[in-house]
Amino acid sequence: MDSQIILSLLAASGVVTILLFVVRGMLDQLPEVFAAWQRVKKAYRADASPAVEDRDVEDREAGMRE
């Protein structure tokens with residue numbers, strides 16, 4: 001009976017440790033996610049950049065060749 005309690009406590013502490021590790025990893029990524037979201041909003045509001053326009057022209061030319 002005592003060994004069962006000890007094993008249960010070890011298993012529970014392992015689960016808590018893994019859970020904390022995963023939560024910490026997710027929280028570490030949040031600033032990058034927010035920065036990317038801000039860049040997406042800024043790009044959406046701004047006019048198309050020349051690089052995007054060049055890519056669109058190439059796509060149209062490729063479509064005409066087909």
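**Notebook: helix H1 and its nonpolar patch**

I looked first at the course of H1 and found a kink of about 35° at Leu30, shortly before the proline Pro31. The model is predicted, and I read the kink as a feature of that model.

I then checked the length of H1. The helix has 44 residues and spans 64 Å from its first C-alpha to its last. This is close to the 64 Å expected at 1.5 Å a residue.

Next I asked how many residues of H1 are buried. The number is 0, so H1 lies largely in the open. For the protein chain as a whole, I noted that buried residues make up 0% of its 66 residues.

I looked up the secondary structure and recorded 2 helices and 0 strands in the protein chain.

I turned to the surface. The accessible surface of the protein chain comes to about 6500 Å², and carbon and sulfur atoms account for 65% of that area.

Which residues form a nonpolar patch on the surface? I listed Leu19, Val23, Leu27, Leu30, Val33 and Phe34, with about 550 Å² of accessible area together. Leu30, a member of this patch, is also the site of the kink in H1.

I examined Phe34 last. This residue is placed in H1, which covers residues 2–45. Is Phe34 buried or exposed? I entered Phe34 as exposed, because its relative accessible area is 53% and the cut-off for exposed is over 50%.

Definitions and conventions: Residues numbered from 1 in each chain as written. Predicted model: local features only at pLDDT ≥ 70, side-chain atom pairs only at ≥ 80, totals over all residues. Heavy atoms only, no water. Patch = residues over 30% accessible without salt bridge, like charges linked within 9 Å, V, L, I, M, F, W, Y side chains within 5 Å. Areas by Shrake-Rupley, 256 points an atom, 1.4 Å probe, with all protein chains shown as cover. Salt bridge = Lys/Arg side-chain N within 4 Å of Asp/Glu carboxyl O. Helix = DSSP H or I, 4+ residues; strand = E, 2+ residues; numbered from the N terminus. Buried < 20%, exposed > 50% of the residue type's maximum accessible area, 1.4 Å probe, protein only. Expected span 1.5 Å × (residues − 1). Bend = angle between axes of the 7 residues up to and from the residue.
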